[in-house]
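Student: I would like to learn how to read a model of this kind, feature by feature. Could we go through it together?

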Amino acid sequence: MAFETILVERHERVGLIRLNRPKVLNALNSDLIGELNVVLDAFEADADIGCIVITGSDKAFAAGADITEMHALTYPESYDNDFITSWERLSRVRKPVIAAVAGFALGGGCELAMMCDFILAADTAKFGQPEIKLGVMPGAGGTQRLTRFVGKSKAMEMCLSGRLMGAAEAERAGLVSRVVPAADLVSEALAVAKTIADMSPTVAMQTKESVNRSYETTLAEGIRFERRVFQAMFALEHQKEGMRAFMEKRPPNFRR
Ligand code: CO8
């Protein structure tokens, strides 16, 4: 299927989505979010896809929501049409999703990256929630997710002042899992995505669900949840295959 605002590639069991509005630094408009959601639905339903990577260009992952589309919005339009809800599809994807970020990830771009399961950053990456400079605040999870990633002090400073954070600081603060040279970003992201895609899909999705549960519940409840899911894994053929392969000193085959 051809899209106007994104490019879609398959690399074996990895689905790669490139945000592609180069003239506006991949500003996120409703067409782009709509197309992204179509592909996420398709990858989610496709048993041949085990992991998804979302990236942008060398210059920008995404420089935020499209201000030209948004500027004239009224409050009733924003509220009645449930503006932003369609953005959240990404946060409900059950398969693992990696954000590979080079250049600007600002406003809604930073929020989109934070909806992914982890962020791999190029050394050129710059993260920020500069909405306050536009007379608004983050609206797609920025005040909540950024605070959970980097803590109150840094999140407050970034949201209140609009200051951008470079890749090294983002790694120190725990916003990104790793920083790699910009030239290697997509190949590194595809490599780690391939590793994940070769695991048991059931186990990968349940692992994701369990890690995410830690954000939403108490430690005791989270540990109880983890225990039940872990115990249930002994009903999976993939558990038998994984442990048998270890004992037989061969790689596991989770594709059966
Ligand atoms: N929206 C629309 N167009 C944009 C955006 C944007 N967010 N960002 C950049 N562009 C456009 C510029 O207008 C420019 O277009 P043109 O060439 O026609 O003038 C082109 O992209 C290139 O940009 P610059 O010339 O400004 O490039 P620089 O390298 O000088 O600067 C910056 C790069 C610093 C990234 C600068 O473009 C900038 O500050 N952009 C705006 C960043 C921003 O404020 N982002 C937050 C937007 S608000 C938001 O995301 C709210 C999300 C809440 C959820 C919304 C749900 C829908």
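**The ligand and its surroundings**

Tutor: Let us begin with the shell around the ligand, to which α2 (67-70), β6 (104-106) and α4 (108-115) each supply at least two residues. Please keep in mind throughout that this is a predicted model.

Student: How many residues surround the ligand, and which are the closest?

Tutor: The shell holds 24 residues, and the closest are Ala63, Ala65, Ile67, Trp87 and Gly108.

Student: Which polar atoms of Ala65, Ile67 and Lys59 should I look at beside the ligand?

Tutor: For Ala65, look at the backbone, where an N or O atom lies 2.8 Å from an oxygen atom of the ligand. A polar backbone atom of Ile67 is 2.9 Å from a nitrogen atom of the ligand, while Lys59 takes part through its side chain, with an N or O atom 3.3 Å from a ligand oxygen. As for cover, the ligand has 1,100 Å² of accessible area on its own, and the protein covers 64% of that.

Student: Does the name Ile67 come up elsewhere, and in which surface patch should I look for it?

Tutor: Ile67 forms a nonpolar patch on the surface with Leu134 and Val136, and together they have about 260 Å² of accessible area. Leu134 comes from the loop between β8 (126-128) and α5 (142-150).

**Buried positions**

Student: Is Asn26 buried or exposed, and why?

Tutor: Burial is read from relative accessible area, and a residue counts as buried when that value is under 20%. Asn26 is therefore buried, because its relative accessibility is 2%. This residue sits in the loop between β2 (14-19) and α1 (30-45), and its side chain reaches the backbone oxygen of Leu19 at 3.3 Å. Leaving aside residues up to four places away in sequence, Asn26 touches a set of residues that includes Arg21, Gly56, Phe61 and Gly64.

Student: Where is Ala121 found, and what does it touch?

Tutor: Ala121 belongs to strand β7 (residues 118-122), and it counts as buried because its relative accessible area is 0%. Among the residues it touches, when those up to four places away in sequence are not counted, are Val101, Phe127, Val176 and Leu185. Ala189 is 68 residues away along the chain, and its C-alpha atom is separated from that of Ala121 by 9.3 Å.

**Salt bridges**

Student: How many salt bridges does the structure hold, and how should I read one of them?

Tutor: There are 17 salt bridges, and for each pair it helps to ask where the partners sit in the chain and how accessible they are. Asp46 and Arg10 form one of them, with their closest N and O atoms 2.5 Å apart. This pair links distant parts of the chain, since Asp46 is in the loop between α1 and β3 (51-55) and Arg10 is in strand β1 (residues 6-11), 36 residues apart. Asp46 counts as buried because its relative accessibility is 17%, whereas Arg10, at 48%, counts as partly exposed.

Student: What is the accessibility of Arg89 and Glu44, which also meet in a salt bridge?

Tutor: Both Arg89 and Glu44 are buried, and their N to O distance is 4.0 Å.

Student: Why are Glu221 and Arg224 separated by about one helical turn?

Tutor: The reason is that they are 3 residues apart in helix α10 (residues 219-232). Their side chains meet in a salt bridge at 2.8 Å, N to O, and Glu221 is partly exposed, with a relative accessible area of 38%. Finally, Glu237, Glu241, Arg244, Glu248 and Arg250 are linked in a network of salt bridges.

Key. Residues numbered from 1 in each chain as written. Predicted model: local features only at pLDDT ≥ 70, side-chain atom pairs only at ≥ 80, totals over all residues. Heavy atoms only, no water. Patch = residues over 30% accessible without salt bridge, like charges linked within 9 Å, V, L, I, M, F, W, Y side chains within 5 Å. Areas by Shrake-Rupley, 256 points an atom, 1.4 Å probe, with all protein chains shown as cover. Helix = DSSP H or I, 4+ residues; strand = E, 2+ residues; numbered from the N terminus. Buried < 20%, exposed > 50% of the residue type's maximum accessible area, 1.4 Å probe, protein only. Polar contact = N/O pair within 3.5 Å; in protein donor to acceptor, adjacent residues only side chain to side chain. Contact = heavy atoms within 4.5 Å. Near = heavy atom within 4 Å.
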